[in-house]
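User: Please take a close look at the enclosed cavities in this model. I want their volumes, what lines them and where the lining comes from.

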Amino acid sequence: MTTTTKNNTLDSLLSQVPNGSSFSDLRKSSRDFLEKNGLPAIKEEEYKFTAITKKLENSISDFSFAKKASLNNEIIQSHMFGGFEGDLLVFNNGFFERELSTISNNGYTLSLISDAKPELLGKIAATEKDPFVALNNISFGDGIYLKVSKNQKVEKPILFLFLNQSNDGQVIHSRILIEVEDNAEVTFLEDSVSLDDKTYFSNMVTEIKVGQNSQVHYNRLQNESKNAITVNNTETDIHRDAVFTSVVVSLSGDMVRNNLSLNLLDSSCEGNMYGLYLLNGKTHVDNHTNVDHTKPHAQSNELYKGVLADSSRGVFNGKIFVRQDAQKTNYLQKNKNILLNVDSMINTKQNLEIWADDVKCSHGCTTGQLDEEALFYLRARGLGKEQARGMLLYAFTGEVMDHISDEAFQNHIVNIVQNRLGSNF
């Protein structure tokens, strides 16, 4: 990619940013960072296999911000999954729709970022970590600040439903800040939906603080249109004795980039990351994960699995940092992939930087095809080829879906995956 192309794309994005004084320090530092560093070029290591700046240049014709789509309760219900019981937070092209949401405030409070002006904003997701964080910092119009109170267990899940559509503009910037205070527990679900097949670019930043001895489950489903270009940056700060568990299931899109970072900031905390990418057509999904162990007696577990068909492409890059003070660290990282066609491709890389000498570490990566012996075994017992194939693939993917913490959401995703696998993928 040429510097000219890179600058043209950035200039087009920056030209749409409205003037405003809210969070002026954050916006100014982010703009300075972008003007100095630009958007990622293909030669940059972090985006070596995901040419998202070029994709934006070639696919987006209108870099202005998308306006709200026309929504009503009937449209929202048509995109809900069966059996859901909990609070519903609706986002319309990144704008929070309070009137169309269902908010109980049981154990938590919810406000617009512009009203609350939380000091945490921009403190968890560092501007310099990714250019698209900086772009979101200067571009988001508003977002939500959700705070789970100390000693509270939010009994029912909270669903973020993102309804996206190219509408008088093709760029969507969404922002969520979550603060979970000490000794609390909550489950979040996130579902992103395309209202049509038009091209758009969604750039989202989610910051999460997990207080001492708290438990947070965050389950995300990405099943947008084949023309959606998406970047998700999720950054977490995890404190003493706390547990954070993430499950990300990516099923569709044009180009999807997921950046997930777990900052283990104190002793005896735990971070878990599970991911599944089930791809066909020309879908490109890039999962970049980062776990930073800073204190002793913490642990992290990571399992990402991919099934790729047609000419789809996957990228997995998992980084583990174990600082010198992080003695007695225990971590496990695995990435497993099945390629169903000669044109499908996976680029996988595991990065380990360990400065402590008393740690228990395990990591591994596998890429291959379906087990022909297992396939033969099932067919010999009367199953058809596609039925046997689907059964093996579902067994492979199920290990990740088992970690989805809400039963209704899990059933919804399992049904989608089973239908996909049963339709000859």
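Analyst: This is a predicted model. Start with the second largest cavity. By class, its lining has two nonpolar, seven polar and three charged residues. The volume of the second largest cavity is about 70 Å³. The lining residues are Phe 162, Asn 164, Ser 174, Glu 190, Ser 192, Ser 202, Met 204, Arg 220, Gln 222, Glu 224, Thr 230 and Asn 232. Five elements each supply two or more residues to this lining: β5 (158-164), β7 (185-194), β8 (200-210), β9 and β10 (228-238).

The count of cavities of 30 Å³ or more comes to two. Now the largest cavity. Its volume is about 80 Å³. Tyr 218, Arg 220, Thr 234, Phe 244, Ser 246, Val 248, Asn 258, Asn 259, Leu 260, Asn 287 and Tyr 304 line the largest cavity. Two or more of these residues come from each of β9 (215-223), β11 (243-252) and β12 (255-264). By class, the lining of the largest cavity splits into five nonpolar, five polar and one charged.

The two linings share a residue and a strand. Arg 220 lines the largest cavity, and Arg 220 also lines the second largest cavity. Strand β9 gives two or more residues to the lining of the largest cavity, and β9 does so for the second largest cavity too.

Note on methods:
Residues are numbered from 1 along each chain as its sequence is written. This is a predicted model: local features need pLDDT of at least 70, side-chain atom pairs count only at pLDDT 80 or more; totals for chains, interfaces and linings use all residues. Side-chain values use heavy atoms; hydrogens and water are left out. On a 1 Å grid over the protein atoms alone, a cavity is a set of points where a 1.4 Å probe fits but cannot get out, and a pocket is an open set with protein on both sides within 12 Å along at least five of seven lines; lining residues have an atom within 4 Å of a point. Grid points are joined across faces, edges and corners, and a volume is the space filled by probe spheres set on the points. Helices (H or I, at least four residues) and strands (E, at least two) are DSSP runs, numbered from the N terminus. Ala, Val, Leu, Ile, Met, Phe, Trp, Tyr, Cys and Pro count as nonpolar, Asp, Glu, Lys and Arg as charged, and the others, Gly among them, as polar.
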